[in-house]
Amino acid sequence: MKIVIDPGHGGSDSGAVGSGLRESDIVLDVALKAGSKLQKAGVDIIFTRNDDKKVTLEERTSLANAQKADYFVSIHANAGGGTGVETLIYKEGSVAGNLAKIIQEYIVNALGLKDRKVKARPDLWVLRKTNMPAVLIELAFIDNPSDAEVLKNSKDEFANAIAAAILKFIGKGDVEMPKFKDVPDFHWAKDVIEEISDLGIMKGFADGTFKPDEPLSRAQAAVLVKNLIDYLNNKKKKGG
Ligand SMILES: [Zn+2]
C-alpha cells in the first residue's frame, strides 16, 4: 500500500495567509505528522515535499503517477470567508468519494469544526491529473480567527484524524483515536496508561494531556493509592 501525501504550496508560494499563519507551514506540519503516523502503521508514504520548498502541481501528480501510488491525499487550508472543513474529490460516487467521506467524518468529530461536506471539484489539477483516487482536504479557514486558532493549536489532532481515517479506509482495522494527546502510540507505557485511566485509578488532565514523563508528587501518590483502594473495594463489593 503506497500513499502520496501532498502538503499544498511551499517555498515562495505560501498559499493563503491569515491570522499570522501561512497555509504552506500549517499543511506541511499536519502532512508530516499524519504521514509519520501512517508509516508507523506500515504504510508506504511518499511526500511531495517534506520541507518549505516550491513544488509545481505537475511535479506533484507526475510523482504520484510514476510511483503508481494507490491513493493521493492533498492537504490544504481554506480562505475566502467561511468556516469549517471540507474534502474535495474529482467526482461523486467514486472510490475517492468514500475515502473523502471517512476523512471528513473523522476530522469533524475530532476537531468539532463545521461540516462543509465532500464536494466535487473537477477543475482542480491534483484531482484531475492523478491516475489514482485522490482527495484534497481543506482543513479549516485560515482567514477566520476561530478556525485559525484551531489550525494553529490542533495540528496533532488534524494529523491523527487524517491518519486514523486513512487506516480505517484501507482496512488496517479500527484505529482508535489516542486517549491523551501527549501519549503517542509509540510511548512505551501507552497501554498501561490508558488502562489505568479507563479504570479511574489515575486520570489525565482537563486539557487532554497525561504528562506521562513527569514525576509524581507525594500528594499525587496519595491520591493514586486512595483511588486504587476504592477501585479494589468496589470490585470486591461487586463480587468481581
Ligand atoms: Zn491551498
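# Exercises on a predicted zinc-bound model

In this predicted model, the zinc ion is held by three donor residues, His9 through NE2, Glu23 through OE and His76 through ND1, at 2.0 to 2.1 Å.

**Exercise 1. Work out how the donors of the zinc ion are spaced along the chain, and which elements Glu23 and His76 tie together.**

Step 1. Read along the chain, the donors follow the pattern H-x13-E-x52-H.

Step 2. Glu23 belongs to helix H1 (residues 23-40) and His76 to strand S5 (residues 71-78), so this pair links parts of the chain that are 53 residues apart in sequence.

Step 3. To decide whether these two donors are buried or exposed, recall that buried means under 20% relative accessible area. Glu23 has 3% relative accessibility and therefore counts as buried, and His76, at 14%, counts as buried too.

**Exercise 2. Locate Ser14, and find which residues it contacts beyond its neighbours in sequence.**

Step 1. Ser14 sits in the loop that runs between S1 and strand S2 (17-18).

Step 2. Its relative accessible area is 17%, so Ser14 is buried.

Step 3. When neighbours within four places in sequence are set aside, Ser14 is in contact with His9, Arg22, Glu23 and Ser24; of these, His9 and Glu23 are also donors of the zinc ion.

**Exercise 3. Determine how the buried residues of helix H2 are arranged, and what covers them.**

Step 1. In helix H2 (residues 57-66), the buried residues are Arg60, Thr61, Ala64 and Asn65.

Step 2. Looking down the axis of H2, one finds these residues within an arc of 125°, so they line one face of the helix.

Step 3. The cover over the buried residues of H2 includes strand S1 (2-7), S5 and helix H4 (125-128).

Step 4. Following the chain onward, Lys68, just after H2, adopts a positive phi of about 50°, and Ala69 lies in the loop between H2 and S5.

Step 5. Ala69 is buried, with a relative accessible area of 7%, and, not counting residues up to four places away in sequence, it touches Lys2, Val4, Ala64 and Met132. The C-alpha atoms of Ala69 and Lys2 are separated by 5.0 Å, although the two residues are 67 residues apart along the chain.

**Exercise 4. Describe the largest nonpolar core and the surroundings of Ile75.**

Step 1. The largest nonpolar core has 47 residues, and those with the most contacts inside it are Ile75, Ile107, Leu139, Leu151, Phe158, Ile162 and Ile166.

Step 2. At least two residues of this core come from each of several elements, among them S1, H1, S5, helix H3 (95-111), strand S8 (134-141) and helix H6 (155-169).

Step 3. Leaving aside residues up to four places away in sequence, the residues that Ile75 touches include Ile5, Val27, Val30, Ile137, Leu139 and Ile162.

Step 4. A second, separate core consists of twelve residues, including Ile46, Val126, Leu127 and Leu136.

**Exercise 5. Place these details within the whole chain, giving its elements and its domains.**

Step 1. The chain contains eight helices and eight strands, and 45% of its 240 residues count as buried.

Step 2. Among contacts with a separation of 6 or more, 74% join residues 24 or more positions apart.

Step 3. The domain assignment gives domain 1 (2-169) and domain 2 (190-237), whose C-alpha centres lie 37 Å apart.

Step 4. Along the principal axes, the C-alpha atoms of the chain fill a box of roughly 65 × 40 × 30 Å.

Definitions and conventions. Residues numbered from 1 in each chain as written. Predicted model: local features only at pLDDT ≥ 70, side-chain atom pairs only at ≥ 80, totals over all residues. Heavy atoms only, no water. Donors = N, O, S within 2.8 Å, 3.2 Å for Na, K, Ca; no water. Helix = DSSP H or I, 4+ residues; strand = E, 2+ residues; numbered from the N terminus. Buried < 20%, exposed > 50% of the residue type's maximum accessible area, 1.4 Å probe, protein only. Arc of directions from axis to C-beta. Contact = heavy atoms within 4.5 Å. Core = buried A, V, L, I, M, F, W, Y, C linked by side-chain atoms within 4.5 Å. Domains from an automatic or database assignment.
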